[in-house]
Number of protein chains: 4
Amino acid sequence: MNLQALIEDIRQQVLPFYDRGQVADYIPALASVPPHQFGFAIHTLDGQEYGCGEADVPFSIQSISKAFMLALTLQADGEALWRHVGKEPSGNPFNSLVQLEYEHGIPRNPFINAGALAVTDRAISHFGDSHLQLLAWLRNEAGNPGLAADEAIAASEREHGDRNAALAHFMKSYGNLDHPVETVLDHYFHNCSIAMSCRELARAGLFLANHGASPQTGRQYLTRSQAKQVNAVMLTCGTYDAAGEFAYRVGLPVKSGVGGGLLAVIPGKMSIAVWSPQLDARGNSVLGLEALDRFTTRTGLSIF
Amino acid sequence: MNLQALIEDIRQQVLPFYDRGQVADYIPALASVPPHQFGFAIHTLDGQEYGCGEADVPFSIQSISKAFMLALTLQADGEALWRHVGKEPSGNPFNSLVQLEYEHGIPRNPFINAGALAVTDRAISHFGDSHLQLLAWLRNEAGNPGLAADEAIAASEREHGDRNAALAHFMKSYGNLDHPVETVLDHYFHNCSIAMSCRELARAGLFLANHGASPQTGRQYLTRSQAKQVNAVMLTCGTYDAAGEFAYRVGLPVKSGVGGGLLAVIPGKMSIAVWSPQLDARGNSVLGLEALDRFTTRTGLSIF
Amino acid sequence: MNLQALIEDIRQQVLPFYDRGQVADYIPALASVPPHQFGFAIHTLDGQEYGCGEADVPFSIQSISKAFMLALTLQADGEALWRHVGKEPSGNPFNSLVQLEYEHGIPRNPFINAGALAVTDRAISHFGDSHLQLLAWLRNEAGNPGLAADEAIAASEREHGDRNAALAHFMKSYGNLDHPVETVLDHYFHNCSIAMSCRELARAGLFLANHGASPQTGRQYLTRSQAKQVNAVMLTCGTYDAAGEFAYRVGLPVKSGVGGGLLAVIPGKMSIAVWSPQLDARGNSVLGLEALDRFTTRTGLSIF
Amino acid sequence: MNLQALIEDIRQQVLPFYDRGQVADYIPALASVPPHQFGFAIHTLDGQEYGCGEADVPFSIQSISKAFMLALTLQADGEALWRHVGKEPSGNPFNSLVQLEYEHGIPRNPFINAGALAVTDRAISHFGDSHLQLLAWLRNEAGNPGLAADEAIAASEREHGDRNAALAHFMKSYGNLDHPVETVLDHYFHNCSIAMSCRELARAGLFLANHGASPQTGRQYLTRSQAKQVNAVMLTCGTYDAAGEFAYRVGLPVKSGVGGGLLAVIPGKMSIAVWSPQLDARGNSVLGLEALDRFTTRTGLSIF
């Protein structure tokens with residue numbers, strides 16, 4: 001199969017889906033992203049790289065950073081991490097407080113906002129500046145030493161961050177945050193505002209397709225078992241309250257972000273990054289989902 | 001790898017977990033099952049069969065029947081089925097009414113009780129006697145023309161079935177049941193009380209590992225895409241509110257039942273059935289989960 | 001103060017509120033009631049009676065029956081009743097199942113549907129035919145031996161009664177109903193479909209304004225303390241999820257019904273019945289609330 | 001009736017209830033209050049004052065301050081206040097976030113914590129330093145120019161105030177707070193930590209029994225209608241999730257605080273303050289409820 005031709009063909013198929021969704025508008029810095037953009041990049045374990053459309057345009061990775069933070073922290077914290085956060089799908093929007101109250105301050109999983117804050121808190125315990133730690137890893141794996149948080153976006157997130165502040169204070173009231181709310185939020189917002197292109201994202205995520213080891217740098221980031229675990233959490237919790245829909249249509253571990261990016265993993269084969277800023281009602285990229293659906297259907301590649 | 005030796009070894013490893021859980025006791029007919037039993041059976045796509053322990057002792061498949069009913073009904077109803085039931089993980093106990101109210105009578109997925117009732121209602125529309133239809137399929141695939149519902153259990157389920165009656169009436173109040181509540185419940189309780197052994201169950205589930213086609217009878221029950229879909233729903237919703245835990249530890253599509261049975265699928269390779277009647281707090285077999293965890297860890301077989 | 005002139009004047013003030021609400025349409029028998037009707041009746045402890053508009057037109061008392069059933073059952077059951085039903089305001093719609101699940105089958109109060117079913121179940125334990133018992137009381141106090149349930153409405157309620165059946169089965173699953181679901185529903189639907197006029201209703205409710213004793217028949221239905229208790233439950237729970245609004249604007253114990261009726265009590269002084277079939281979004285009579293608001297504001301009569 | 005003898009007798013009756021509850025322990029400053037204290041004070045509209053036990057010992061009024069803040073703010077804001085907060089009973093614990101999310105940041109009523117924060121925010125808009133405004137009023141009405149917040153308690157509240165911070169940030173995320181979270185919390189914590197004795201509290205609350213006018217200072221704080229409204233909100237929402245229980249047993253508008261104080265109002269007659277620090281599971285003073293229950297039962301004074 002000619003993957004380059006395939007993804008270009010898929011791009012043509014999904015472009016008509018422009019304007020079926022809306023660019024995230026909860027902060028001005030995201031709302032101003034030109035909506036008609038679509039990038040697709042693949043990196044295979046044997047070193048092949050494919051890309052089309054805006055595959056080299058950097059975008060705000062937002063919640064995709066949570067997958068990397070989970071890997072980073074799981075590596076350091078091991079199973080102890082799960083005393084602070086669960087690993088069950090949520091069934092509620094990513095920033096809901098309801099479940100957090102019923103579950104006494106232990107977030108349902110690492111990919112809802114509260115869970116990501118809890119993971120960040122653990123990361124701070126291990127690394128101090130957890131944001132710099134994440135950045136160093138991504139720069140190394142993506143092969144771009146210039147990767148950085150977009151400070152305008154981070155500032156905008158903070159300015160409109162009352163709901164995340166509520167989540168953090170609420171967890172702290174249950175004793176489930178060790179560090180000051182302000183610090184945790186600061187790292188969290190900076191992680192979310194890291195800008196990467198599809199091509200960089202596919203490279204950085206390749207270790208998840210390779211049982212925890214980076215084929216590029218040779219580093220073993222996670223054990224084989226941990227890599228399986230992160231992929232499992234991505235599949236069951238990675239796309240907000242559409243995890244069932246993604247599993248059903250795409251059949252791959254996927255982590256999405258409200259910047260419009262999606263990182264998908266085919267264990268043993270390749271990593272895939274797609275990006276298009278317009279989101280559906282559940283916060284996932286409209287064209288991204290359509291593209292991944294077509295890709296797995298046409299290639300027959302799926303974990304199921 | 002010698003699978004027969006492996007499963008016998010795993011059996012020895014998990015027997016010490018006896019009495020860490022409790023046999024389902026909501027109906028007398030289940031409560032009286034001798035607790036210290038453990039069966040394990042594997043059927044591979046190339047026709048090999050392995051079994052150990054009580055692999056040939058029939059047990060009540062209970063909610064595992066929901067996976068077969070989903071396949072049966074999806075085949076007949078196609079995508080229209082999803083107007084009556086969702087496909088997102090629930091995060092709530094399998095018999096909760098809360099979510100059903102918030103979601104206006106459309107159950108979250110086909111594997112919570114309300115969802116299975118909705119699927120049964122659709123099956124009745126297509127097949128009339130949906131229970132007989134299911135039984136015919138299972139007899140054929142399991143190679144046992146004597147398979148049948150345990151009438152004592154079915155009667156006991158009905159006698160203690162007020163919560164399921166509540167779910168059914170509630171859905172009917174939203175217009176999401178076409179057939180009388182009594183009929184739907186009758187089929188549902190009979191499906192749940194079908195008795196099968198691990199060996200039979202592994203055989204009957206083999207089509208899910210083979211892209212929808214039975215290697216035994218040659219029948220194509222589901223399209224390749226539908227088989228992927230059923231597996232996806234099993235992974236995200238198949239083990240009550242422990243789907244995340246199963247994905248994390250086992251990494252396979254699994255459907256469990258309160259009879260203590262588990263059906264797991266390794267796409268492209270094999271089907272696995274495990275049974276042990278003692279359940280953990282979330283309704284899944286204690287020894288069953290331990291056995292599957294060890295099996296995937298030691299073989300490295302997982303979809304992730 | 002000339003009460004007759006006052007209520008006629010209030011009637012003129014509230015007639016412009018016609019068509020700001022909608023007649024209950026969940027059953028055809030209620031939906032067909034001519035919407036532009038308004039009745040107002042007062043009965044004082046010293047035997048004066050005032051009425052205007054359609055004060056003599058019978059209507060379906062619906063949930064107002066729950067206040068009488070509570071009195072009837074409290075008289076027989078005493079404090080033991082509160083093991084089966086709570087007495088806290090609900091904050092949820094009257095037919096919600098959510099709270100019932102969180103509270104393990106004990107309804108929040110006697111005036112949500114689940115609570116009224118629990119009270120009916122207790123009444124059956126004491127009286128056998130609880131509907132006839134209620135009817136006998138109302139006939140006696142209203143001075144109309146012809147009072148009866150409207151069988152067409154009772155049948156229509158039953159036909160569309162899946163949600164109430166769900167509530168009853170759900171409570172039964174928790175062991176909080178002693179009698180068969182069918183029996184409890186039958187009594188409940190018949191109680192709701194009793195037809196009374198405002199004038200009859202005001203008479204029948206007079207004992208609540210008179211510390212439990214009927215000034216008409218001399219019967220002491222409730223102790224002084226129990227009468228206070230029923231009034232308290234009416235104030236905090238009597239108007240669905242608008243109890244706070246009624247307390248704030250009207251300041252009296254009130255029980256409403258989706259037939260458009262309202263029974264209000266001024267302890268030590270009088271009982272008031274208002275009726276107009278068009279309901280607001282929370283199920284209370286639009287003109288009824290406006291009339292009671294004006295009545296208490298202009299007379300200065302309020303319990304606060 | 002000899003009220004002085006009565007309250008002394010009631011005191012003897014309720015002292016055996018010591019140690020059936022627990023002193024609030026969420027902050028050290030409250031946890032250290034000697035538990036075996038009971039004060040009872042009455043102030044009648046005709047100027048009589050009665051007291052017994054520790055009626056002159058100051059305690060932390062905590063949430064009782066919310067009743068005064070509501071009066072203060074309703075006076076300034078009028079009906080516009082209700083755009084920011086509802087007036088329906090909650091049915092949930094006073095510091096729950098669940099309802100706040102379902103109701104999009106508009107707290108259910110002014111007496112749950114979120115509602116009191118919203119009222120404080122409005123008070124700041126009108127008065128600037130809303131705490132000083134409240135203090136001036138209380139000093140004037142209580143006849144004690146030395147009334148003040150206990151700074152140790154205010155500091156302790158703040159230090160353990162993550163849940164209130166969560167509520168405030170959450171409301172701010174919905175645009176339902178105009179002032180900085182820090183400011184609102186600061187005023188709120190200071191209001192809660194005001195120390196008053198039963199005798200002072202009964203005096204300060206007398207205007208609620210007198211249709212909004214203080215018999216002592218002659219000031220008309222609220223219109224007759226507003227006084228009725230505040231009393232109504234106290235009755236339906238004033239005692240956390242025990243409002244139904246209080247209405248049923250006591251039958252008066254009551255506002256409670258976790259310091260163990262209770263302020264009750266008998267419109268047209270008197271105000272009552274009771275205090276005893278040990279609380280029941282719902283946060284109300286054990287001896288306080290027992291005393292008020294006995295008082296209304298023995299005097300026959302109740303609004304019902």
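**Figure 1. A salt bridge joins A:Glu88 to B:Arg282.** Welcome to this predicted model, which we enter through a pair of side chains. The side chain of A:Glu88 belongs to chain A and that of B:Arg282 to chain B, and the two meet with 3.6 Å from N to O. This pairing has company, for four salt bridges are counted between chain B and chain A. Polar contacts can be looked for here too: 14 residue pairs, both members at pLDDT 80 or more, are in polar contact between these chains.

**Figure 2. Three helices of chain B each bring two or more residues to the side that touches chain A.** They are helix H12 (224-237), helix H13 (243-249) and helix H14 (286-299) of chain B. If you would like one place to start, try H12(B), which gives the most to this side, with eight residues. Sorted by class, the side of chain B that touches chain A holds 15 nonpolar, eleven polar and ten charged residues.

**Figure 3. Chain B and chain A bury about 2600 Å² between them.** Carbon and sulfur atoms give 60% of that area. Three residues to find in chain B are B:Lys228, B:Tyr248 and B:Phe304, which lose the most area to chain A. Together these three make up 35% of what the chain B side buries. The contact as a whole takes 36 residues from chain B and 36 residues from chain A.

**Figure 4. A half turn lays chain B on chain A.** A rotation of 180°, with 0.0 Å of shift along its axis, superposes chain B on chain A with an RMSD of 0.0 Å. The same surface serves both copies, as 100% of the contact residues of chain B recur in chain A.

**Figure 5. D:Glu245 and C:Lys87 form a salt bridge between their side chains.** We now turn to chain C and chain D. In this view the side chains of D:Glu245 and C:Lys87 come together at 3.5 Å, N to O. Across the interface of chain C and chain D there are four salt bridges. Residue pairs in polar contact between chain C and chain D number 14, with both residues at pLDDT 80 or more.

**Figure 6. Helices of chain C help to build the side that touches chain D.** Helix H12 (224-237), helix H13 (243-249) and helix H14 (286-299) of chain C each supply at least two residues of this side. The largest share, eight residues, comes from H12(C). By class, you will find 15 nonpolar, eleven polar and ten charged residues on the side of chain C that touches chain D.

**Figure 7. About 2600 Å² is buried between chain C and chain D.** Of this area, 60% lies on carbon and sulfur atoms. In chain C, the residues that lose the most area to chain D are C:Lys228, C:Tyr248 and C:Phe304, together 35% of what that side buries. Chain C puts 36 residues into the contact and chain D puts in 36 residues.

**Figure 8. Chain C and chain D are related by a two-fold axis.** A turn of 180° and a shift of 0.0 Å along the axis lay chain C on chain D with an RMSD of 0.0 Å. That is why the relation is called two-fold. Both copies use the same surface, and 100% of the contact residues of chain C recur in chain D.

Methods: Residues numbered from 1 in each chain as written. Chains lettered and ligands numbered in written order. Predicted model: local features only at pLDDT ≥ 70, side-chain atom pairs only at ≥ 80, totals over all residues. Heavy atoms only, no water. Contact = heavy atoms within 4.5 Å. Buried area = accessible area lost by both parts, 1.4 Å probe. Polar contact = N/O pair within 3.5 Å; in protein donor to acceptor, adjacent residues only side chain to side chain. Helix = DSSP H or I, 4+ residues; strand = E, 2+ residues; numbered from the N terminus. Nonpolar A, V, L, I, M, F, W, Y, C, P; charged D, E, K, R; others polar. Least-squares fit on C-alpha atoms with pLDDT ≥ 70 in both.
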